[in-house]
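Colleague: I am new to this structure and should be grateful for a close look at a single part of it. Please begin with one residue and work outward from there.

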Amino acid sequence: MAKRTTARIDPRRDRTREALLTAGRSLFAHRDVDGVSVDEIVAAAAVAKGSFYNHFDDKEGFAREIAASARREAEALVNDDTAGIEDPAVAVARALCVFVRFALERRDSARTLWRLNTGATMVDAPINRGLVDVVQHGIDAGAFTHVDIETGILLVMGTIVITLRHLFEERVRTQPKEIAQRMAAGLLRSLGVAASRADRLAREATLAVLV
């Protein structure tokens, strides 16, 4: 009978990898990939430079992994908050509010998501899988009018991206909840939702998500 082998778990290796990812997330939150060196990453992680290449082939692959992690983090929050919601307009309003909460509570991850996820407005981008279903459902059900799937995705993602970017500005004086409510209402109206309903859904989403 062949002997069963089990992979050895090396806590130190795991800690090193996590230290590198944490350092990279913090650095990429403020600078693009080209503006951060491997030397800076290992210095911030307090590990030897050789350790970086024990875990990652190059800086670009390292950045992609951090971007994917931030994307999964945001997706999980949106999925948890919108689970069971059938109304696509409600789901879109709440998703925008979740991204605002994400930017407030997990600032480095949100900055990394905004900075590293190129192509995030494309219909076939991984981050948009759930959003495509919601927007298409809204179009099919007549909740979203005068838009096709590509335009709908651009409106939703564009609004979310500019809202996040605005929240990162240090000079912003308007309360995040108010920004979220106004942007959610404007987004729904741009998708064809009646103004009075858009305003109500945006207000309800803000109250539900941003306590």
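Modeller: The residue chosen is Thr16, which lies in helix α1. It should be said at once that the model is a predicted one. With a relative accessibility of 18%, Thr16 counts as buried, because the cut-off for burial is under 20% relative accessible area. Leaving aside residues up to four places away in sequence, Thr16 touches Val47, Ser51 and His55.

The helix that carries Thr16 deserves attention next. Helix α1 covers residues 11–28, and its 18 residues should span 26 Å at 1.5 Å a residue; the end C-alpha atoms are 25 Å apart, which agrees. Thr16 is joined among the buried residues of α1 by Leu20, Leu21, Ala23, Gly24, Arg25, Leu27 and Phe28. An α-helix has 3.6 residues a turn, so residues three or four places apart point the same way. What covers these buried residues of α1 includes α2, α3, α4 (59–82) and α6.

Two of those covering helices, α2 (38–45) and α3 (49–55), are linked by a loop in which Ala46 is placed. Ala46 has a positive phi of about 60°, although it is not a glycine. Most residues other than glycine have a negative phi. Ala46 is also exposed, its relative accessible area being 67%. His146 offers a second case of this kind: its phi, near 65°, is positive in a residue other than glycine. The place of His146 is in the loop between α7 (129–141) and α8 (149–167), and His146 is exposed, with a relative accessible area of 82%.

Helix α6 is another of the elements that cover the buried residues of α1, and its packing against α5 can be described in detail. Helix α5 (residues 88–105) and helix α6 (residues 107–116) pack at an angle of about 120°, and their axes are 5 Å apart. That makes α5 oblique to α6. On the α5 side, the residues of this contact are Phe99, Phe102, Ala103 and Glu105; they meet Arg107, Ser109, Ala110 and Leu113 in α6. The residues of the contact divide into 5 nonpolar, 1 polar and 2 charged.

Further along the chain, Arg182 is found in helix α9 (residues 176–190). Arg182 is exposed, with a relative accessible area of 53%, where the cut-off for exposure is over 50%. Arg182 and Ala198 are 16 residues apart in sequence, and their C-alpha atoms are 9.8 Å apart in space.

These parts can now be set within the whole. The secondary structure of the protein comes to 10 helices and 0 strands, so that from the N terminus on the elements run α-α-α-α-α-α-α-α-α-α. Along its principal axes, the C-alpha trace spans about 60 × 55 × 30 Å. Of the 211 residues in the protein, 43% are buried, Thr16 being one of the buried residues. The accessible surface comes to about 11800 Å², and 50% of this belongs to carbon and sulfur atoms. Among contacts between residues at least 6 apart in sequence, 65% join residues at least 24 apart.

Key
Residues are numbered from 1 along each chain as its sequence is written. This is a predicted model: local features need pLDDT of at least 70, side-chain atom pairs count only at pLDDT 80 or more; totals for chains, interfaces and linings use all residues. Side-chain values use heavy atoms; hydrogens and water are left out. Axes are lines fitted to C-alpha atoms, for helices over the stretch in contact, and angles run from 0 to 180 degrees between N-to-C directions. Helices (H or I, at least four residues) and strands (E, at least two) are DSSP runs, numbered from the N terminus. Angles under 35 degrees count as roughly parallel, over 145 as roughly antiparallel, 65 to 115 as roughly perpendicular and the rest as oblique. Contact means heavy atoms within 4.5 Å. Ala, Val, Leu, Ile, Met, Phe, Trp, Tyr, Cys and Pro count as nonpolar, Asp, Glu, Lys and Arg as charged, and the others, Gly among them, as polar. Buried means under 20% relative accessible area, exposed over 50%, partly exposed in between (1.4 Å probe, protein chains only). Accessible areas come from the Shrake-Rupley method with a 1.4 Å probe; for residues, only the protein chains shown count as cover. The expected span of a helix is 1.5 Å times one less than its number of residues.
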